[in-house]
Amino acid sequence: MELRPLNESNTNDKYKTYELFIGPNHPGISGNFSYVLDMEGHKIANVTADPGLLHRGFEKLMERRLWTQNLALIPRICVPEPDVNEVAYCMGVEHLAGIEVPKRAQYIRVIVLEMARIAAYLFSFSGVGGATGLYTAPNWAIGDRDYILDLFEWLTGGRVYHIYQYPGGVKMDIPDGWLDKLSELLDYLESRLPEYDNLIFKNPILQKRTKGVGYLSAEDAIENGITGPNLRASGVKWDIRKAQPYLVYDELDFDIPETGDGDAFSRFVQRRLEMEESIKILRQCIKQIPDGPYREKIPNPFQFRVPAGTYYSKVESSKGEFGYFIVSNGDIKPYRVYVRGPSYSAGLYYALEAMKNMRIEDVPVWIHSMDICPPDFDR
Amino acid sequence: MSEWKDLTNFFRGRSFWMLHYCTGCGAMELPPTMTSRWDMERFGVIPMATPRQADILLVTGYLSLKSLKRLIYTYEQMHAPKWVLGFGSCTINGGVYWDSYNVIERLDKYLPVDLYIAGCMPRPEAILDSFKKLRELVEKGEAKGYEKYVKNYEWYKANQDRVLKRTKPVLQKPEEVTRSA
Amino acid sequence: MLESVEKKVEELKRMNLEAKALGDWQFEVLVPRERTAEILAYMKATGYKTFIHLACVDWIDDQEFELVYNLENYDEKAQALVKVRIPRNKPEMESMMSIWGLCQVYEREIHEFFGINFIGNPNLKPFFLDEWLDIPPLRKDFDTLAFSQELFEFKEDESHGIKAPKRIEYK
């Protein structure tokens with residue numbers, strides 16, 4: 001048998017490029033979503049996104065349900081951090097209907113949002129670990145996230161989906177002793193942060209795997225509609241909580257951490273630093289939360305009509321700007337709701353540019369560093 | 001012969017390899033079940049990335065038509081004995097998506113389901129409990145979904161093709177369709 | 001209301017456009033179809049650099065589609081909703097890909113869900129749905145419940161004893 005010289009295979013066009021499906025059933029991808037990669041050896045020549053595996057037609061379903069019935073539906077749009085949906089939707093409805101939310105309810109909303117943000121960041125830490133082969137990280141981070149879910153369960157009755165917000169406030173008041181437990185939890189989480197640093201962010205192997213991967217410049221981020229921690233990691237100081245304060249964020253004192261390198265590692269570090277700020281915000285909320293009603297009564301929910309109008313309400317989520325574009329024609333049901341998921345532009349458009357010429361092993365790192373969450377763009 | 005079967009069923013029930021395919025939002029409760037807090041490895045269940053080495057197909061939540069197609073490929077790649085767990089109310093009757101145009105109702109029309117876990121979404125304890133129940137069923141030799149699938153393949157195939165291989169519009173007359181290809 | 005929003009609304013009114021503020025930091029502006037590219041390029045040049053989303057509203061009573069371009073200005077902390085109306089019986093619109101490349105995916109999505117043709121967009125292939133043959137699903141005249149019942153056949157009399165969901169319509 002005659003052996004073919006090795007370099008001959010390189011000139012053979014038939015085997016030069018091949019198609020590789022990453023997802024939907026793949027441990028490196030976050031959720032039920034798929035990229036089709038055209039590979040040249042280890043390098044990616046072309047990328048096609050294939051979404052729709054999670055498409056449920058939320059926007060159509062919301063047109064068929066009452067304004068308050070929709071609250072049970074929308075948390076399912078973003079699974080790791082469902083509360084942003086409820087708050088953004090409620091804020092939009094309240095603006096259109098002209099409902100004033102009591103101070104206490106606004107504080108409760110901030111507490112819920114920041115807890116959800118910490119939970120989502122912890123979940124993203126586990127993604128970092130999963131993408132780089134550091135399997136201790138998921139065990140720690142998901143275990144710690146469960147303490148937050150326990151508190152959510154005490155507060156709202158649900159572990160993952162809370163359905164706790166309501167136009168005009170929240171559904172129930174904070175139970176006795178809950179705030180003490182929350183501050184205990186914050187102490188615990190703060191004591192865990194240095195351990196996460198040692199495990200994940202000071203880990204030399206992880207640094208080598210993630211530094212310089214998926215560089216994103218500030219201009220590219222603005223041009224491609226990338227928001228949230230990913231934008232801030234590229235050096236743009238934009239946080240809706242600071243720039244256009246909603247709820248009571250203007251009464252709270254916090255910073256926007258800056259990393260500014262724009263690569264995958266700085267995006268991970270950005271999330272880790274923002275977690276510290278969230279803990280700071282929660283501490284202030286526990287101290288400052290006033291007494292008073294937790295909900296403004298709305299009329300009969302079956303006859304609750306929102307005056308005609310348009311409004312775009314948005315919330316800074318752990319992944320970026322989460323927006324609800326609400327159109328009402330004065331009926332008992334929304335006329336049209338468009339949900340702006342933060343991962344949309346990064347996952348479906350920017351990914352096609354960013355992944356070109358990347359090596360195959362960097363794809364999961366890139367996906368998890370952008371914190372791409374398929375349900376929010378499939379809807 | 002029956003003792004031998006009992007013995008194999010005993011061991012099968014104690015080493016389930018679960019295919020880690022996140023079909024829907026129920027996949028959110030799997031990381032806590034897998035990791036330190038609930039640790040399903042205690043019960044011999046571990047996640048597996050490839051369908052060919054997996055025993056359990058855990059259908060975590062609703063299935064869009066596009067996912068259903070991939071799920072059937074995946075199921076047919078798995079080797080018998082294999083079991084399907086329907087996770088959450090969406091697999092039972094469509095759940096909150098009962099009127100959605102892209103989400104199937106009732107998974108058992110398309111794949112043989114051995115066990116359902118009710119709830120939206122089921123807690124990790126419920127998932128662990130379902131593994132225990134499935135073990136009991138396997139030990140008794142009652143979880144025979146994969147045999148049912150082979151026996152009634154035409155029926156399942158017809159149901160699958162009905163939703164996946166549509167050749168004409170479901171509702172409207174063709175001339176009303178304005179959309180170009 | 002932010003000062004920058006007020007200024008911008010005045011400026012757009014001077015350009016013979018209907019503009020009004022919707023909240024503290026956002027405003028809407030109605031643009032005729034033939035001036036869309038011009039106005040969007042102008043908005044981008046004056047600081048509204050980030051493209052947030054492109055949404056479509058089906059105003060079936062007016063027989064019109066409304067496209068909403070949502071733009072954000074990080075320097076002035078303002079948000080603009082640029083609205084364009086196009087007739088429903090001739091759903092065509094120019095692609096804005098030359099201004100924001102990002103429009104490509106949004107236009108592809110809207111083509112799929114509303115059946116609007118975007119002239120100049122090279123890739124309008126099916127995106128979220130596989131083999132869709134009915135009228136585009138997010139149009140108001142598409143009945144998702146009838147579709148679901150017809151295709152997925154939720155019948156009560158099957159052996160499993162699960163009851164079909166009751167249809168409750170609040171009026």
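**Exercise 1. The sheet of β6, β7 and β8**

In what order do the three strands β6, β7 and β8 of chain A lie in their open sheet, and is the pairing parallel or antiparallel? Work out the edges and the packing too.

*Solution.* Keep in mind that you're looking at a predicted model.

- Step 1: Start with the order. The open sheet runs β6-β7-β8 in chain A, and its pairing is antiparallel.
- Step 2: Find the edges. β6 and β8 of chain A pair on one side only, which makes them the edge strands.
- Step 3: Check the twist. From one strand to the next it averages 10°.
- Step 4: Zoom in on one pair. Five bridges link β7(A) and β8(A) in the antiparallel sense, and A:Gly323 sits opposite A:Arg340 of β8(A).
- Step 5: See what covers the sheet. Helix α4 (residues 83-97) of chain A packs on it and touches β6 and β7 of chain A. The helix direction makes about 145° with that of β6(A).

**Exercise 2. The sheet of β1, β2 and β3**

Now do the other sheet: which strands of chain A stand at the edges, and why is one side of each left without a neighbour?

*Solution.*

- Step 1: Get the order. This open sheet of three strands reads β1-β2-β3 in chain A, with antiparallel pairing.
- Step 2: Count partners. β1 (17-22) and β3 (43-50) of chain A each have a single partner strand, so one side of each has no neighbour in the sheet.
- Step 3: Compare directions. Ignoring direction, neighbouring strands here are turned by 20° against each other on average.
- Step 4: Look at the pairing of β1(A) with β2 (residues 34-40) of chain A. Six bridges join these antiparallel strands, and A:Ile22 faces A:Tyr35 of β2(A).
- Step 5: Add the helix. α13(A) lies across β2 and β3 of chain A, at about 160° to β3(A).

**Exercise 3. Chain A as a whole**

How compact is chain A for its 379 residues?

*Solution.*

- Step 1: List the parts. Chain A has 15 helices and eight strands.
- Step 2: Hold the radius of gyration against the globule rule. Chain A comes out at 22 Å, close to the 21 Å the rule gives for 379 residues, so it is as compact as a globular protein of that length.
- Step 3: Picture the box. Along the principal axes, the C-alpha atoms of chain A fill roughly 85 × 45 × 35 Å.
- Step 4: Look inside. Buried residues account for 54% of the 379 residues in chain A.
- Step 5: See who touches whom. Of the contacts in chain A with a separation of 6 or more, 70% come from residues 24 or more positions apart.

**Exercise 4. One lysine**

Is A:Lys181 buried, exposed or partly exposed?

*Solution.*

- Step 1: Place the residue. A:Lys181 is in helix α7 (residues 178-201) of chain A.
- Step 2: Count neighbours. A:Lys181 has 15 other C-beta atoms within 10 Å.
- Step 3: Apply the cut-offs. Buried needs 20 or more and exposed means 12 or fewer, so A:Lys181 is partly exposed.
- Step 4: Try a distance. A:Lys181 and A:Glu19 are 162 residues apart in sequence, and 52 Å separates their C-alpha atoms.

**Exercise 5. Where chain A meets chain C**

Which element gives the largest share of the side of chain A that touches chain C?

*Solution.*

- Step 1: Count both sides. 32 residues of chain A are in contact with 28 residues of chain C.
- Step 2: List the contributors. α3 (58-63), β6 (309-316), β7 (321-328), β8 (336-340) and α13 (344-354) of chain A each supply at least two residues.
- Step 3: Pick the winner. β7(A) gives the largest share, four residues.
- Step 4: Sort by class. This side of chain A holds 15 nonpolar, ten polar and seven charged residues.

**Exercise 6. Chain B and its helix α3**

What does α3(B) supply to the side of chain B that touches chain A, and how does α3(B) cross α7(B)?

*Solution.*

- Step 1: Size up the interface by residues. 29 residues of chain B are in contact with 28 residues of chain A.
- Step 2: Credit the helices. α2 (30-34) and α3 of chain B supply at least two residues each, and α3(B) has the largest share with four residues.
- Step 3: Sort that side of chain B by class. The split is 13 nonpolar, ten polar and six charged.
- Step 4: Turn to the helix pair. The axes of α3 (residues 65-77) and α7 (residues 153-164) of chain B come within 10 Å and cross at roughly 145°, and the crossing is left-handed.
- Step 5: Name the residues. B:Leu65, B:Leu68, B:Lys69 and B:Ile72 of α3(B) meet B:Gln160, B:Val163 and B:Leu164 of α7(B). By class, that's five nonpolar, one polar and one charged.

Technical notes:
Residues are numbered from 1 along each chain as its sequence is written. Chains are lettered from A and ligands numbered from 1 in the order in which they are written. This is a predicted model: local features need pLDDT of at least 70, side-chain atom pairs count only at pLDDT 80 or more; totals for chains, interfaces and linings use all residues. Two residues are in contact if their C-beta atoms, placed from the backbone, lie within 7 Å. Ala, Val, Leu, Ile, Met, Phe, Trp, Tyr, Cys and Pro count as nonpolar, Asp, Glu, Lys and Arg as charged, and the others, Gly among them, as polar. Axes are lines fitted to C-alpha atoms, for helices over the stretch in contact, and angles run from 0 to 180 degrees between N-to-C directions. A crossing is left-handed if the near helix is turned anticlockwise from the far one by less than a right angle, and right-handed if clockwise. Two strands pair if DSSP finds at least two bridges between them. The radius of gyration is taken over C-alpha atoms; the globule rule is 2.2 Å times the number of residues to the power 0.38.
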